[in-house]
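Reader: Got a minute to go through this one with me? Please put it up and we'll start with the hairpins.

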Amino acid sequence: MMNQPAKKSSQQSHRSAGKPVGNAGKPAGKSSAAAGVRNTAKPKSPPSQTVRERASTPFAVGAASIPPRDASVLQRLADEVAARRFTTNQIHAWQREIYEQTLSLSRLISRPNFTKVGRDDLVRMIQMYDERFFAGKILPTARAEGLSFGFSSRMTRVAGKLVTHYPHGINRQRNFELILSSTLLFQTFEDVDRPVEVTGRVCRNRLEAMQRIAEHEFTHLIEMLIWNSGNCNEKRFQSIARRYFDHRDYRHDLITQRERALIKFDVRVGDQVRFYHDGHNMLGRVNRITRRATVLVENQKGERFSDGGRYVRYYVPLEKLTKVQP
Ligand SMILES: [Zn+2]
């Protein structure tokens with residue numbers, strides 16, 4: 001998983017101390033007024049930014065001949081992964097090659113700050129890493145157990161993740177799922193202009209950011225596949241990520257909605273805001289910012305919160321909010 005550094009997440013604590021909604025972070029319990037909760041908008045991304053989902057992932061031939069979760073196969077991989085070293089020049093040359101190949105082979109990624117991406121782009125990218133850096137040995141071994149790729153729009157702070165499923169029990173054949181956050185990718189290099197670092201390396205565009213996240217999650221896949229354990233804040237992970245991909249950090253600095261809210265709209269958690277809903281001018285307080293802002297509006301029919309007040313929750317796109325100066 002790739003998180004933001006701690007200094008970033010500390011922004012979460014910018015609650016409105018002393019203000020009614022600041023204390024009203026959580027509902028006081030399951031209230032009978034839950035039916036009063038309304039949502040203002042459908043979760044819909046701008047039309048220019050799409051992730052194309054395709055039915056299936058092409059699987060490499062030969063995967064069938066590799067026994068799933070075979071101790072000797074995994075041990076050979078472990079020895080290789082533990083020992084291999086590349087020069088920084090070689091690493092950067094291959095990363096550049098994958099960048100160029102993605103631009104020339106993808107049907108959707110036609111420029112570095114692409115506005116569309118498909119699952120096959122992620123599959124091809126990881127495949128290219130495997131071929132160059134691991135002699136094509138990782139993916140067939142992972143596929144012998146089960147491997148899928150995808151994008152998620154619901155990951156609003158985590159840039160990517162590798163999920164390991166154990167459908168047949170902890171010591172049996174596993175299922176790996178490698179997922180990148182399309183939300184974070186697309187809202188970075190969009191309207192907030194600042195240098196962005198992923199894995200300790202400055203990214204100049206969306207494609208470079210996607211590569212760094214993919215490399216990070218691929219490293220997680222390698223660790224889980226071989227050792228069935230791992231953590232990116234530990235030594236073994238960091239050694240692999242450094243030796244193979246020249247990563248100097250395990251976190252990202254991508255633009256979150258919380259940052260966009262602050263930079264573009266001057267809105268933060270705790271602020272009083274105004275917005276239109278069904279022709280009415282509503283007044284409320286921002287309680288949370290994920291993809292949209294959660295705004296609590298006082299309403300006697302609403303849910304009771306820990307400050308004793310009753311509120312109705314609205315999920316409002318940031319651009320629909322107007323800050324009310326106190
Ligand atoms: Zn991680």
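Reader: How many residues sit in the hairpin that joins β9 to β10?
Author: The link from β9 to β10 is a hairpin of 3 residues. This is a predicted model; local features need pLDDT of at least 70, side-chain atom pairs count only at pLDDT 80 or more, and totals for chains, interfaces and linings use all residues. Residues are numbered from 1 along each chain as its sequence is written.

Reader: Which way do β9 and β10 run, and over how many bridges?
Author: They run antiparallel, with 4 bridges between β9 and β10 (residues 293-304). I289 faces A293 in β10. Strands are DSSP runs of E, at least two residues; helices are runs of H or I, at least four; both are numbered from the N terminus. Two strands pair if DSSP finds at least two bridges between them.

Reader: What about β8 and β9?
Author: Antiparallel again, over 6 bridges, with β9 covering residues 280-289. Their hairpin has 2 residues between the strands, and D278 there has a positive phi near 50°.

Reader: What does R274 stand opposite?
Author: Opposite R274 are L283 in β9 and T322 in β12. β8 spans residues 272-277 and is joined to β12 by 2 bridges, antiparallel.

Reader: So what is the strand order in that sheet?
Author: The order is β11-β10-β9-β8-β12, an open sheet of 5 strands with antiparallel pairing. β11 (310-316) and β12 (322-323) are the edge strands, each pairing on one side only.

Reader: Switching to helices. At what angle do α5 and α8 pack?
Author: About 65°, with the axes of α5 (residues 119-134) and α8 (residues 206-227) 10 Å apart. Axes are lines fitted to C-alpha atoms, for helices over the stretch in contact, and angles run from 0 to 180 degrees between N-to-C directions. α5 and α8 are therefore roughly perpendicular. The classes are: under 35 degrees roughly parallel, over 145 roughly antiparallel, 65 to 115 roughly perpendicular, the rest oblique.

Reader: Left-handed or right-handed crossing?
Author: α5 crosses α8 in the right-handed sense. That is, the near helix is turned clockwise from the far one by less than a right angle; anticlockwise would be left-handed.

Reader: Which residues meet there?
Author: From α5, L122, M125, I126 and Y129; from α8, Q211, A214, E215 and F218. The contact residues are 6 nonpolar, 1 polar and 1 charged. Contact means C-beta atoms, placed from the backbone, within 7 Å. Ala, Val, Leu, Ile, Met, Phe, Trp, Tyr, Cys and Pro count as nonpolar, Asp, Glu, Lys and Arg as charged, and the others, Gly among them, as polar.

Reader: And why is α6 called largely enclosed?
Author: Because 6 of the 8 residues of α6 (residues 138-145) are buried. Buried means 20 or more other C-beta atoms within 10 Å of a residue's own, exposed 12 or fewer, partly exposed in between, with C-beta atoms placed from the backbone. I138, L139, T141, A142, A144 and E145 are the buried residues of α6.

Reader: What covers them?
Author: The cover includes α3 (71-83), α5, β3 (147-152), β5 (175-181) and α8. G146 follows α6 and has a positive phi near 150°.

Reader: Last one. Where is F189?
Author: F189 is in the loop between α7 (182-187) and β6 (196-198). F189 counts as buried because there are 21 C-beta neighbours inside 10 Å.

Reader: What does F189 touch?
Author: N113, N205 and R206, leaving out residues up to four places away in sequence. F189 and R206 are 17 residues apart along the chain, with C-alpha atoms separated by 6.4 Å.

Note on methods
Contact = placed C-beta atoms within 7 Å.
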